[in-house]
Structure formats: C-alpha cells, structure tokens
Amino acid sequence: MRAPSLLLSRFSLPRTLRALTLTAAAAATAAALAAPVKVGIALDISGPFAALGAEARDGFNLAIKQMGGKLGGQPVEYVQADMAGSPDQAKQLVDRMIQREKIDLFTGPIGSNVALAVGPTLFQAKVPYLSSNAGPSQFAGAQCNAYFFGTAYQNDQFHEAAGKFAQDKGFKKAVLIAPNYPAGKDALGGFKRQFKGQVADELYTKLGQIDYAAELAQLRAAKPDSVYFFLPGAMGINFVKQFVGAGLSKDITLVTSGFSADEDVIGAVGEPMLGLFNTSHWAHDLDNAANKAFVEAFRKEYNGRYPSLYAAQAYDVILAMDAAIKQAGGNAANREAVIAALKKANFASTRGAFKYANNHYPIENFHLRVIGKDAQGRITNKTVSTLLTNYGDSYAAKCPLK
C-alpha cells in the first residue's frame, strides 16, 4: 500500500478519486496474494543430462517438501516439465508455461544451450529466471538481463579454478576435452585463463558422446602430462572408464571440475575415480550450518546417499525464491520488488555466504576436492582447500546493469 499512496500524492488527485484508486490497488494486491505463486521448473530427466537432471529434481523436491507447499508464506503451484536437453522442446514448453500457466518464476534447465534458448522469451515476459545450473557467458556480459540470476555460478569460474590448480601443480603440457556446445566452450576458455602451460590440443566432442576411442588415441599420441576434461553426466562416466581401461592413467594426470567428478559420476564409475582432483563451489563437507542441515536431510530422504552439486544448487534456488517472495510482501506479481529481493541473496545458502555481482552472477569461493573414501569406506569427495576466494566472473565489467 505504501508505494501507491506515494504515487498518488505526487499527482494531487481529488480525495474521491484517490479513495477509489486506493481501493482498486488494495483489491489488486489482495487478488495477487490470494492466487498461488506459480513456478515453472525445467527438468532434464531424459536426454544427455538425465543423470544431472535427476539430481536437480531431488534437490528441488526436498526443498519443496520442507517449505510445506508455500513460498514466502504464500500457496505455491509448481509447473514441472522435462526439457530433455532439447532447446527446441524447451522453447515450446516455456512458451506454454508463460502463456497458459502464467508462471511468476522459472528455474532450470541443466544445459547452457537450453538456457540460451529459453532466456529471451522469459525476459520479454518479465519472468525472473533463477538458473539452478547453467551459467552461460552470453548472459554474463553485454547481454546480461535484469530478469536473469545465475544462482549457482558463471560457467567459466569452475574451470578457472581448475586452471589455477593445474598451474599451481606445475603441469607443463595439457590436452583439453569438452563437448561442442556453449558450456563446453566456456569451460576450456576458463581453464586457459588461469593455466599458463602449453595447451597441446583442444578436443571438442559431440554432446552426449559415450565412445572416446578416437580421443584416447589422440591423447596417446600427444603425450601430455595432464588432461583437463569437462564431460558431465554419462559423458564423463564413459570417458573415465575408457581412459583408465586404456592404461593412460599411468602416465597422464586427469584434472576436472565437479561437473565430471560428483556423486552421480562417482557412483557409476567407482574405484577408478579415486585420487581424482576436481574443483567446485560446493561440497557436502563444507562446514556451515545450512549445508550440514541440507546434507543430513538429503541423506535421510534419499536412502543415505550423498547429494551432488546439482542437488545443492536446486535446493538453494527454492530457498532463494522463498526469501524473495517473503521480502516482496508475498506478492509475486510485483516483479520489481521480487527482483530487488533476489539481488540481496538473503537466504542461507548451502555454499555459505555469497553476493551477486552487477550481472547477477555470484561472487563466491571455489574449492579443491579430491575423491577418496569416507569413514564408512564409501567413495566420495573430500574438500582439500579453497583455491579462489570471493571470486567473480570475467564478464561482469561488460554488463550494463548497476
């Protein structure tokens, strides 16, 4: 009610008209509060990112359950759809979410190619888009948008941390491998930003590829001391198995990011993952109260398994939405208030405290993890150190947002 009264006094409306206007504004606010908040969730439970999408789904569902069917104290309706990693399918589904379902907020999908496909439609409709995973560079620089929040990270950051580790470790000659899609290109660009040794080759594979015989032959011929790979989900599972099976691990050190060395990959590969270093903004053993509570609740909900970074990020998104709706007075239709609240990142993240840069990507810590065994003998990640502290992305200066 405060904003309408300030606006009315500025124009000095007659008393009768002022009363009618205030009554209309109050009715509109009451109607907005009575309607459920509608959230579109893009899942990827089929297609090239199916394993990652399943992890994100579990993180979403845990947070939704804990919220008891509300966001910011308001009733909420979740409109969920499988995007299957397909930009074309995602565009159709998001159009339907906007036009038919009238969503107030949107989150997902896993792939940056899909995020880039649906972003413009959401921005035009003024629907806040909280990306639970993808952090494409295109939305970080000159094409940044007030309605986009890279809630998790900007793509390059993970790989810049890995490049720093490889540089600190003293590797001299590296071969880089990633799928040929936007996040893959961001990955290798980020790694090279911090690694100063020789990059003997850059291999771009087909998205969803599972046979790496040709790439392994190229590695054998190049004889690098290290390989940096970004191959999330089933791609990474097959690559590691084939790399070790080919005997290349005897002479070449694998380095990767958490995308290719998280719980989904560890569970599928097993022993060959031991000793693999990887970088991440999150780990299940991070020492903060919110993370400890999340990991405990997740393991209780899902038969004792550790959550992945995809689950943690999805969980954080629901918490971020809850905080924003609450701070906006429960009115999801007040987009300006919701955006202003989102920018504050005023929720207890599993990653610990972070803040957004002007381009709505986080300034946060990135850690070094190594895969070993826990006290129960389960193969999992263990945090070793923090590589980058309060680290922003490389594109924020080009973003016109303030």
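How far apart do the end C-alpha atoms of residues 36-369 lie, and what percentage of the span is helix and strand?

1. The model is predicted. The end C-alpha atoms of residues 36-369 lie 41 Å apart, and the span is 43% helix and 19% strand. UniProt, in an unreviewed entry, lists these residues as "domain: Leucine-binding protein".

2. One open sheet has six strands in the order S2-S3-S1-S4-S5-S6, and its pairing is mixed. Strand S2 (70-71) and S6 stand at the edges with a single partner strand each, so one side of each lacks a neighbour in the sheet.

3. At the S2 edge, S2 and strand S3 (residues 74-82) run antiparallel and are joined by two bridges. Lys70 has Pro75 in S3 as its bridge partner. Helix H3 (residues 50-67) packs on the sheet, where it touches strand S1 (37-43), S2, S3 and S4. The direction of H3 makes about 160 degrees with that of S1.

4. Helix H5 (residues 112-124) has 13 residues and spans 19 Å from its first C-alpha to its last, close to the 18 Å expected at 1.5 Å a residue. H5 nevertheless has a kink of about 35 degrees at Val118, shortly before the proline Pro120. After H5 comes Lys126, with a positive phi near 60 degrees.

5. Which residues of H5 are buried? They are Ser112, Asn113, Val114, Ala115, Ala117, Val118, Gly119, Leu122 and Phe123; Val118 is thus both the site of the kink and a buried residue. The cover over the buried residues of H5 includes helices H4 (87-99), H6 (155-169) and H7 (182-194). Strands S4 (105-107), S5 (129-130) and S6 (148-149) are also included in that cover.

6. Strand S7 (residues 173-179) is mostly covered, with six of its seven residues buried. S7 and strand S8 (residues 198-205) run parallel and are joined by seven bridges. Within this pair, Val175 stands opposite Asp201 in S8.

7. Is Lys192 of helix H7 buried or partly exposed? Lys192 counts as partly exposed because its relative accessibility is 34%, which falls between the 20% and 50% cut-offs. Leaving aside residues up to four places away in sequence, Lys192 touches Leu176, Val199 and Glu202. Lys192 and His159 are 33 residues apart in sequence, with their C-alpha atoms 8.4 Å apart in space.

How values were computed:
Residues are numbered from 1 along each chain as its sequence is written. This is a predicted model: local features need pLDDT of at least 70, side-chain atom pairs count only at pLDDT 80 or more; totals for chains, interfaces and linings use all residues. Side-chain values use heavy atoms; hydrogens and water are left out. Helices (H or I, at least four residues) and strands (E, at least two) are DSSP runs, numbered from the N terminus. The expected span of a helix is 1.5 Å times one less than its number of residues. The bend at a residue is the angle between axes fitted to the seven residues ending there and the seven starting there. Buried means under 20% relative accessible area, exposed over 50%, partly exposed in between (1.4 Å probe, protein chains only). Contact means heavy atoms within 4.5 Å. Two strands pair if DSSP finds at least two bridges between them. Axes are lines fitted to C-alpha atoms, for helices over the stretch in contact, and angles run from 0 to 180 degrees between N-to-C directions. UniProt positions are given in the numbering used here, feature names are shortened, and annotations may be inferred rather than shown by experiment.
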